[in-house]
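Subject: Structure handover

Hello,

Here is the structure I promised to pass on. Please open it alongside this email; my notes follow below.

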Amino acid sequence: MITESGLDVTAEFDRGAELALAICQRQGIRFALLKEGSPSCGSGRIYNGRFEGVSVAGEGKTTALLNSGLQFPLAEKLGNDPIRGVGGTRMCDWWFTDQAVMIDTADVYSAWVPGHRGGESESMIGAWLKARGARDKILIATKVGMMPGGLKPDRIRDAVQGSLDRLATDTIDLYFAHKDDPDVPLDEVLGAFAELVDAGMVRAIGASNYSADRLAEALRLSDANGLPRYTVVQPELNLLDRGQYEGALQKLCIAEGLGVVTYFSLASGYLSGKYRTSDDLGKSPRGARVGRYLEGKGPMVLTAMEAIA
């Protein structure tokens, strides 16, 4: 969890990550590393012996996001909690090692905060990268599509330049369509991404929050028209929310060799064990999101995780 208090939450986060690790290992879920000894189950699963995402690499080794062409030894995501000022910088320092990592952000982070317009997360990350001279050691993933204009080609062209400027870089390693935009033809979206790839502004493209049908159609259009393919998919996936990925989307990713990196892998923090009763929901701005997990199978999953740990 990222907060303005920086590392004040680390001990609690690490405890939650240890619990998550135990259940992930039992379920065949691989994970990436925040730092040595601090795992998070946020990067992929193994089905039928085939890995669908980022795996943990041994010392001196690299792993690839399947057909994206992106390789790295460690990876993790900067979530969409507001990160700014000293707290955000300290958290980035904590994550950064002398090995490459991947930072995942979006142009919309954190437009929902009063007084923000979007791009605050990218700006903080860009300032940190510049101050630490870390750009060559870190892969950058960001997203477009949640802000006004959606995935209209002109919006994509404007958005990528804004993201590049805020991130203080010339190239985005992985550029996601943050969500499908049914109002814009898929070939127009892919055509706009093709311009960015051809210009060297983007290395690989990904799709977040796409249905299996729409993703399959996008892949078909890419192949038929010589356009860049989505090579990485980012769905919601955790032990309590499995429906978006498991099933048709999962099968498509396997069949097409797509890398998978997930979001809300700890169910907005619920699987850390931080939220046990309704009184706990005020501990974080994310508390409102996790209230639904207090009922149903949420407490049973936490009990199972603790028993395994």
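Start at Trp112, which counts as partly exposed because its relative accessibility is 44%. Please keep in mind that this is a predicted model.

The ring next to look at is Tyr109. Tyr109 has a relative accessibility of 4%, so this residue is buried. Six aromatic pairs were counted in all. Tyr109 and Trp112 make one of them: the ring centres are 6.0 Å apart and the planes meet at 70°, so the pair is edge-to-face. The cut-off behind that label is a plane angle over 60 degrees.

Tyr270 and Tyr293 pair up too. Their ring centres lie 5.4 Å apart with the planes at 35°, so this pair is tilted. The pair links distant parts of the chain, with the two positions 23 residues apart. Tyr270 sits in the loop between β11 (259-260) and α8 (287-290). Tyr293 sits in the loop between α8 and α9. Both tyrosines are buried.

There is also an aromatic cluster. Tyr175, Phe193, Tyr210 and Tyr230 form it together.

Now go to Gly298. This glycine belongs to helix α9, which covers residues 298-308. Is Gly298 buried or exposed? Its relative accessibility is 1%, so Gly298 counts as buried; the cut-off for buried is under 20%. Which residues does Gly298 touch, leaving aside those up to four places away in sequence? They are Leu240, Tyr270 and Tyr293. Two of these names are familiar: Tyr270 and Tyr293 are the tilted pair described above. As for Leu240, this residue is 58 residues away from Gly298 along the chain, yet their C-alpha atoms are separated by 7.0 Å.

Last, the helix packing. Helix α3 (residues 120-132) packs with helix α4 (residues 153-167). The axes are 7 Å apart, and the angle is about 40°. The two helices are therefore oblique to each other. An angle under 35 degrees would have counted as roughly parallel.

Which residues meet there? From α3 come Glu122, Ser123, Ile125, Gly126 and Leu129. From α4 come Ser163, Arg166 and Leu167. By class, the contact has three nonpolar, three polar and two charged residues.

If you open one view only, try Gly298 with Leu240, Tyr270 and Tyr293 shown as its contacts. Then turn to the α3 and α4 contact, with Arg166 and Leu167 among the α4 residues.

Best wishes

How values were computed:
Residues numbered from 1 in each chain as written. Predicted model: local features only at pLDDT ≥ 70, side-chain atom pairs only at ≥ 80, totals over all residues. Heavy atoms only, no water. Helix = DSSP H or I, 4+ residues; strand = E, 2+ residues; numbered from the N terminus. Buried < 20%, exposed > 50% of the residue type's maximum accessible area, 1.4 Å probe, protein only. Contact = heavy atoms within 4.5 Å. Phe/Tyr/Trp six-rings, centres within 6.5 Å; stacked < 30°, edge-to-face > 60°. Axes fitted to C-alpha atoms, helices over the stretch in contact; angles between N-to-C directions. Parallel < 35°, antiparallel > 145°, perpendicular 65-115°, else oblique. Nonpolar A, V, L, I, M, F, W, Y, C, P; charged D, E, K, R; others polar.
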